Amino acid sequence: MDSFSSFFDSQSRTHWSYSTFKNFSQISPLVQSHLKRVYLTLCCALVASAFGAYLHILWNIGGYLTTFACFGTMIWLLSIPTYQEQKRVSLLMASAVFQGASIGPLIDLAIKIDPSVLVAAFVGTALAFACFSGAAMLARRREYLYLGGLLSSGVSILMWLHFASSVFGGSTALFMFEIYFGLLVFVGYMVVDTQDIIEKAHLGDLDYVKHALTLFTDFVAVFVRILIIMLKNSAEKNEKKKKRRND
């Protein structure tokens, strides 16, 4: 937790101004151009994911099959040489469609309960992504890369918790702990992965498809957790309203 708090402490000590937000002097023009391609590809992947969720709402295709297909296309993408650009972009979009279909049941539930929650969750995720990615860009190079090891440990903890709850049975409290802790971990990954992409680009790694896939994974992980939290809060509010009406 000290590592996470140091991120906010360092940002609070920085004198922010309008000129600060325009200061990308640490990022070379080549890397800035690379980041534009990464974020444009990420936006396209998010649109493809929304299309996948829409397909699930129409035909109920989301499930284990689309989840396995998502992971399969990701592995296939990463195994293809970078010069096969068009094929890799197509696989990224296919993976995004499968990902959208996989979380389609959750999105369908949100639409049935309260459609405004879905919009609020997406806007909240987009704002969090913009803020933390922007902070990573404006920070000193490699300043937060040390968090990578800590975040990897966090992912391991989440996997063991999920395994334990599957074997021994879970509880609502444990599930919500996984959700909130996972949200913290993947928000941290937004910062670390952004700085990692910038550093790799400075070293000559300009694979924008793989980098967009990394950020897409972070975005979806945060979005799903924010949506679950907001749905739970909305359901609790609806229950309280029903009790008041019955009383």
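How many Å should the 16 residues of helix 4 span at 1.5 Å a residue, and how far apart are its end C-alpha atoms? In this predicted model, helix 4, which runs over residues 64–79, should span 22 Å, and its end C-alpha atoms lie 23 Å apart, which agrees with that expectation.

The setting of this helix is a chain built from helices: the secondary structure of the protein chain comes to 10 helices and zero strands, so that from the N terminus on the elements read α-α-α-α-α-α-α-α-α-α. Of the 247 residues of the protein chain, 44% count as buried. Among the contacts in the protein chain with a separation of 6 or more, 87% are accounted for by residues 24 or more positions apart.

Within helix 4, the residues Thr66, Cys70, Thr73, Met74 and Leu77 are buried. Seen down the axis of helix 4, these buried residues fall within an arc of 105°, and they therefore line one face of the helix. The buried residues of helix 4 pack against helix 5, which covers residues 85–102, and against helix 10, which covers residues 208–246. The face turned away from this buried side carries the exposed residues Tyr64, Leu65, Phe68, Ile75 and Ser79. In the loop between helix 3 and helix 4 lies Asn60, a residue other than glycine whose phi is nevertheless positive, near 55°. As a general background, most residues other than glycine have a negative phi. Asn60 counts as exposed, because its relative accessibility is 59% and the exposed class begins over 50%.

Helix 6, made up of residues 104–113, has among its buried residues Gly104, Leu106, Ile107, Asp108 and Ala110, and what covers the buried residues of this helix includes helix 3, helix 5, helix 7 and helix 10. Two of the residues just named, Ile107 and Ala110, are touched by Leu118, which also touches Ile111, Phe223 and Leu227, when residues up to four places away in sequence are not counted. Leu118 has its place in helix 7 and counts as buried at 19% relative accessibility, since the buried class takes in values under 20%. Between Leu118 and Asp108 the separation is 10 residues in sequence and 9.5 Å in space, C-alpha to C-alpha.

Aromatic side chains were examined next. A pair of aromatic rings is described by the distance of the centres and the angle of the planes. The structure holds seven aromatic pairs. One of them is formed by Tyr39 and Phe129, an edge-to-face pair with 6.1 Å from centre to centre and 80° between the planes. This pair links distant parts of the chain, as Tyr39 belongs to helix 3 (residues 29–59) and Phe129 to helix 7 (residues 115–138), with their positions 90 residues apart. Both rings belong to buried residues, Tyr39 having a relative accessible area of 19% and Phe129 one of 7%. The rings of Trp160 and Phe163 also form an edge-to-face pair, because their centres are 6.0 Å apart and their planes stand at 90°. Trp160 and Phe163 are three residues apart in helix 8 (residues 147–168), which means that about one helical turn separates them. Trp160 counts as exposed at 61% relative accessibility, whereas Phe163 is partly exposed, with a relative accessible area of 47%.

Tyr39 and Phe129 also belong to one aromatic cluster, which they form together with Phe122, Phe219 and Phe223. Phe223, a member of this cluster, is also among the residues touched by Leu118. Elsewhere, an aromatic ring meets a charged side chain: Arg37 lies over the face of Tyr208, at 4.1 Å from the ring centre.

Tyr39 appears again in the surroundings of Thr194, a residue of helix 9 (residues 172–202). Leaving aside residues up to four places away in sequence, Thr194 touches Tyr39, Ser133, Ala136, Met137, Tyr189 and Leu215. The side chains of Thr194 and Ser133 are further joined by a polar contact of 3.3 Å. With a relative accessible area of 1%, Thr194 is buried.

How values were computed
Residues numbered from 1 in each chain as written. Predicted model: local features only at pLDDT ≥ 70, side-chain atom pairs only at ≥ 80, totals over all residues. Heavy atoms only, no water. Phe/Tyr/Trp six-rings, centres within 6.5 Å; stacked < 30°, edge-to-face > 60°. Helix = DSSP H or I, 4+ residues; strand = E, 2+ residues; numbered from the N terminus. Buried < 20%, exposed > 50% of the residue type's maximum accessible area, 1.4 Å probe, protein only. Lys NZ or Arg CZ within 6 Å of the ring centre and 35° of its normal. Expected span 1.5 Å × (residues − 1). Arc of directions from axis to C-beta. Contact = heavy atoms within 4.5 Å. Polar contact = N/O pair within 3.5 Å; in protein donor to acceptor, adjacent residues only side chain to side chain.
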